[in-house]
Amino acid sequence: MVSSLYDITRAIAKAMLAGPPETDGVAARMVAVLGDSPLWVHDVAVGAVKIFGTRWTEVSPRDLSFFITDAPRFVEAWRSDDPPRIARIVLQPPVQRPLPPALAGLELPRWSTSRDLADWLGLAIPEFEWLTDHWRVEPRSSGTPLHHYTYRMFDKRDGGCRLIEIPKGRLREAQRRILRGLLDRVPPHDAAHGFRKGRGIVSFAAPHADRDVVIRFDLMDFFVSVGAKKVHALFDTLGYPVEVVRALTALCTNRVPSARLLASDLRDRLDSSGRQRYRDRHLPQGAATSPALANLCAFRLDTRLAALARSLDATYTRYADDLAFSGGLMLARAAERLPIWVASIAIEEGFALQLRKTRVMRRGVRQRLAGVVVNRHPNFARDQFDTLKAILTNCVRQGSASQNRDAHADFRGYLAGRVAHATMLNTARGMKLQSIFDRIAWDSMEPDVAT
């Protein structure tokens, strides 16, 4: 049977790319595919090496097949009574490509095949294929033992809801290893302060202290907005072969079953577009890999917003879905137009702003970012201090159980964290709170906490 022109040229192109760009080797691989050695093979091999040789590892089979189709002597052979036929398939062995220059020097794991990745994760091939969805579990069904996630819904203060997607044991272990062994080694944009060692809300807010104007934006559905295509593109940028990229993407993304989205607690809380975002593969909020992947997939967003800030002589930082700009007169003059520019960039990069949460804060009002007051220097808000002080005082007078109105499983640890946060922002206020905390007679069920 005679194959189509597309099949013939594609098979020849893949064989040509299955080795280095040396004329004799390229021609030999072409002969292996054809099972014959027609005269046009040498001409095509010479021309391909001459044109594509310097970027051989970057050439796609599609580009090379177009080159073959246009080769005069191949065209002549194709139109003859005995056109070329495929005798066998010769494929390029998977190879991990070099990192782009901006990431050169990073020491990343080397996985040429999905088996290499499975071995690195300590998974047998059947389990690996199950976790990477090779078994194609029905997406419309709900919680069954074959699904890799469980789901919990929480109400937001603004009336919305948040769906937490919790990976099950073996997938959770695999994601943690990918985080520690791969993602933690790839630096996000310098403007990103969330989910990074040595950074936090203080480093996010501090660059905006004592500025004429501070402007805060909020991204909508940050994790869910990062779809599988972005995650796939990131792993591809790191040089991994396509089968490894697909496996990593499957391990780190999820699609929520329709039955879960239509359950009584969610049916009326999400509109059709919101449900569709969850149905499509996305970063699950609850997976260990999602925060790092979200930062890395937002690199272009951060790059463009940082450039916008520089054009206005302003400063830009991001903490997860919180965006902050601050500056002087130039930014103040552009304050009305800035939301339009930021929203446009966000949309082009696959994100969206919650415009109703945008805040323009000038010197005359409290300038607050992620709970940190930045009017003169990063500080703990007075109303937060007073509220926390009252809670601690009532714990001393009435017992800790009387103040645990939100039923925290570890109320002592929760309060200790808030006191530590206050101390980090304002040492004097923090010490006052700590002294009250130390006087609390904790209920016997409260675990010990180092303070």
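## Two helices, two cores and a little sheet

Helix 18 passes helix 20 in a left-handed crossing. Keep in mind that you're looking at a predicted model. Below, we start with that helix pair, then move on to the nonpolar cores, an open sheet of 3 strands, and Arg363, which sits in a loop.

**The helix pair**

- When two helices pack together, people describe them by the angle between their axes and how far apart those axes are.
- Here, helix 18 covers residues 382-398 and helix 20 covers residues 427-437, and they pack at an angle of about 15° with their axes 9 Å apart.
- Angles under 35 degrees count as roughly parallel, so helix 18 and helix 20 get that label.
- On the helix 18 side, the contact is made by Arg382, Phe385, Leu388, Lys389, Leu392, Thr393 and Val396.
- Helix 20 answers with Arg429, Lys432, Leu433, Ile436 and Phe437.

**The nonpolar cores**

- The largest nonpolar core has 72 residues, and the ones touching the most other members are Leu182, Phe235 and Phe325.
- Helix 11 (residues 242-252) gives the most to this core, chipping in 6 residues.
- Take a look at Phe235: leaving aside neighbours within four places in sequence, its contacts are Leu182, Leu183, Tyr240, Val245, Leu248, Thr249, Cys252 and Leu293.
- Apart from this core lies another one, made of 29 residues, including Leu17, Leu34, Val41 and Val44.

**The open sheet**

- Strands in a sheet pair through backbone hydrogen bonds, and they can do that in a parallel or an antiparallel way.
- This open sheet has 3 strands in the order 7-8-9, and the pairing is antiparallel.
- Strand 7 (368-369) and strand 9 (379-380) stand at the edges with a single partner strand each, so one side of each has no neighbour in the sheet.
- Strand 7 pairs with strand 8 (residues 372-373) over 2 bridges.
- If you want to find a bridge yourself, start at Leu369 and look for its partner in strand 8, Val372.

**Arg363 in its loop**

- You'll find Arg363 in the loop between strand 6 (359-362) and strand 7.
- Is Arg363 buried, exposed or partly exposed? Its relative accessibility is 42%, so Arg363 counts as partly exposed.
- Leaving aside neighbours within four places in sequence, Arg363 is in contact with Asp210, Arg211, Asp212 and Asn375.
- Arg363 and Val374 are 11 residues apart in sequence, and the C-alpha to C-alpha distance between them is 9.9 Å.

Key. Residues are numbered from 1 along each chain as its sequence is written. This is a predicted model: local features need pLDDT of at least 70, side-chain atom pairs count only at pLDDT 80 or more; totals for chains, interfaces and linings use all residues. Side-chain values use heavy atoms; hydrogens and water are left out. A nonpolar core is a set of buried Ala, Val, Leu, Ile, Met, Phe, Trp, Tyr and Cys residues joined through side-chain atoms within 4.5 Å. Buried means under 20% relative accessible area, exposed over 50%, partly exposed in between (1.4 Å probe, protein chains only). Helices (H or I, at least four residues) and strands (E, at least two) are DSSP runs, numbered from the N terminus. Contact means heavy atoms within 4.5 Å. Two strands pair if DSSP finds at least two bridges between them. Axes are lines fitted to C-alpha atoms, for helices over the stretch in contact, and angles run from 0 to 180 degrees between N-to-C directions. Angles under 35 degrees count as roughly parallel, over 145 as roughly antiparallel, 65 to 115 as roughly perpendicular and the rest as oblique. A crossing is left-handed if the near helix is turned anticlockwise from the far one by less than a right angle, and right-handed if clockwise.
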